[in-house]
Amino acid sequence: MTEHRTIDVNGSAIFYREAGHPSAATLLLLHGFPSSSAQYERLMQRVAGRHHVIAPDYPGFGQSPPLIGTSTFDRLADVIDAFTAVKGLGRFSLYMFDFGAAVGFRIATLHPERVQGLVLQNGNAYEVGLGPGMQALQPYWNDRAGNEPAIRGLLTLQATRSQYVDGVGDPTKVNPDLWELDQRYLELPGRDQVMLDLLYDYQNNVALYPAWQEYLRTYTPPALLPWGRNDAFFPPEGARAYLDDLPDAALHLLDTGHFATATHSAEIAALISAFLESHVVAPAAV
């Protein structure tokens, strides 16, 4: 059964979901934009029978209140890194989706000895993997004030829904509660500024791509790539690019869009369980 708790992390109240026994191999699930740990509820239920799964809400997402001041990926990663310490997670695998790749790679490059494996689901680390949805941010990076009105369009209900249904063969198979919940959180006071800050800061992730690629080549972590192949934000070119640095990674292109867990949670859960059982041992607590 999934537990829902809030824990103090250096003064930040971080909400998280946790299931499975801590003595099992741990998978830290890092969510995307503009979602929260809620996106992993079904996946966690499927995986928790054999593994320990834990999914925090970043500050300014879901149930976690925003940080004071400007939100950046460096700051989010600092909080989630501290969260792993407060929770006593010694070694763990990372599930990195969308914004979760930017958070997770910062943690992995800081603590390579603690990361046992990577599950990369539409979580990018290559310029070739920046699809039309991400390239649309370039004008905002060049002129933040002048292009903010256009970027605010990404914070609407229509845009949130499209992230779930675009690229999905049958949109009726996607639970509308997912995008409705995301939008509810997105419309809380101050959340728009958090998202605008992070969408602007994403350009600094692109600048870090070479360092992340060097981490992969140097440490060669076991990697699983269950990837929604119809994603306009992070298309399959980005998934295939990982194979240049991690030739032993297992790539599975799924016939779905950006939020692959919304339609393929059973398939992804089965892949995760097989991956963890083959490549990862139970962690030692810190």
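## A walk through the model

Start with the charged pairs: there are 13 salt bridges in this structure. Keep in mind along the way that this is a predicted model.

**Stop 1: one salt bridge.** Select R114 and D81 and show their side chains. They meet in a salt bridge, 3.9 Å from N to O. R114 sits in the loop between α3 (99-110) and β6 (115-120), while D81 belongs to helix α2 (residues 73-86), so this pair ties together parts that lie 33 residues apart in sequence.

**Stop 2: α2 against α3.** Stay with D81 and colour the two helices. Two packed helices are described by the angle between their axes and the distance between the axes. For α2 and α3 the angle is about 60 degrees and the axes are 9 Å apart. The crossing is right-handed. To see who makes the contact, select F73, D74, L76, A77, I80 and D81 on α2, then F99, A102, V103, R106, I107 and L110 on α3. Sorted by class, that contact has nine nonpolar residues, three charged ones and no polar ones.

**Stop 3: α7 against α8.** Now move to α7 (residues 157-165) and α8. Here the packing angle is about 140 degrees, with the axes 9 Å apart. α7 and α8 also cross in a right-handed way. From α7, pick L157, T160, R161, Y164 and V165; from α8, pick L178, W179, E180, D182, Q183 and L186, and you have the contact on screen. The α7 and α8 contact breaks down into six nonpolar, two polar and three charged residues.

**Stop 4: the largest pocket.** Keep α7 coloured, as it gives three residues to the lining of the largest pocket, the largest share. The pocket holds about 150 Å³ of space. Select G133, L154, A159, S162, Q163, D166, N230, D231, A232, F233 and H258 to show the lining. Its classes are four nonpolar, five polar and two charged.

**Stop 5: the largest cavity.** How many cavities of 30 Å³ or more does the model have? The count is two. The largest has about 100 Å³ of space. For its lining, select F33, D98, F99, G133, M134, L137, L154, Q163, L199, F233 and H258. You have already met F99, on the α3 side of the contact with α2. Some of the other names should look familiar from the largest pocket, including G133, L154 and H258. The cavity lining has seven nonpolar residues, three polar and one charged.

**Stop 6: the second largest cavity.** This one has a volume of about 30 Å³. Select P34, S35, G60, F61, G62, Y185, L186, R191 and M195 for the lining. The elements giving two or more residues to it are α8 (176-186) and α9 (191-219). L186 was also part of the α8 side at Stop 3. By class, the second cavity's lining has five nonpolar residues, three polar and one charged.

**Stop 7: two backbone details.** Zoom in on F33 and P34, and look at the bond between them. A cis peptide bond joins the pair, with omega about -10 degrees. P34 lies in the loop between β3 (26-30) and α1 (41-47). F33 is in the lining of the largest cavity, and P34 is in the lining of the second largest.

Finish at N10, in the loop between β1 (3-9) and β2 (12-19). What is phi of N10 near? The value is near 50 degrees, which is positive in a residue other than glycine.

Conventions: Residues numbered from 1 in each chain as written. Predicted model: local features only at pLDDT ≥ 70, side-chain atom pairs only at ≥ 80, totals over all residues. Heavy atoms only, no water. 1 Å grid on protein atoms, 1.4 Å probe; cavity = no way out; pocket = protein on both sides within 12 Å on 5 of 7 lines; lining within 4 Å. Points joined across faces, edges and corners; volume = space filled by probe spheres on them. Nonpolar A, V, L, I, M, F, W, Y, C, P; charged D, E, K, R; others polar. Helix = DSSP H or I, 4+ residues; strand = E, 2+ residues; numbered from the N terminus. Axes fitted to C-alpha atoms, helices over the stretch in contact; angles between N-to-C directions. Left-handed = near helix turned anticlockwise from the far one by under 90°. Contact = heavy atoms within 4.5 Å. Salt bridge = Lys/Arg side-chain N within 4 Å of Asp/Glu carboxyl O.
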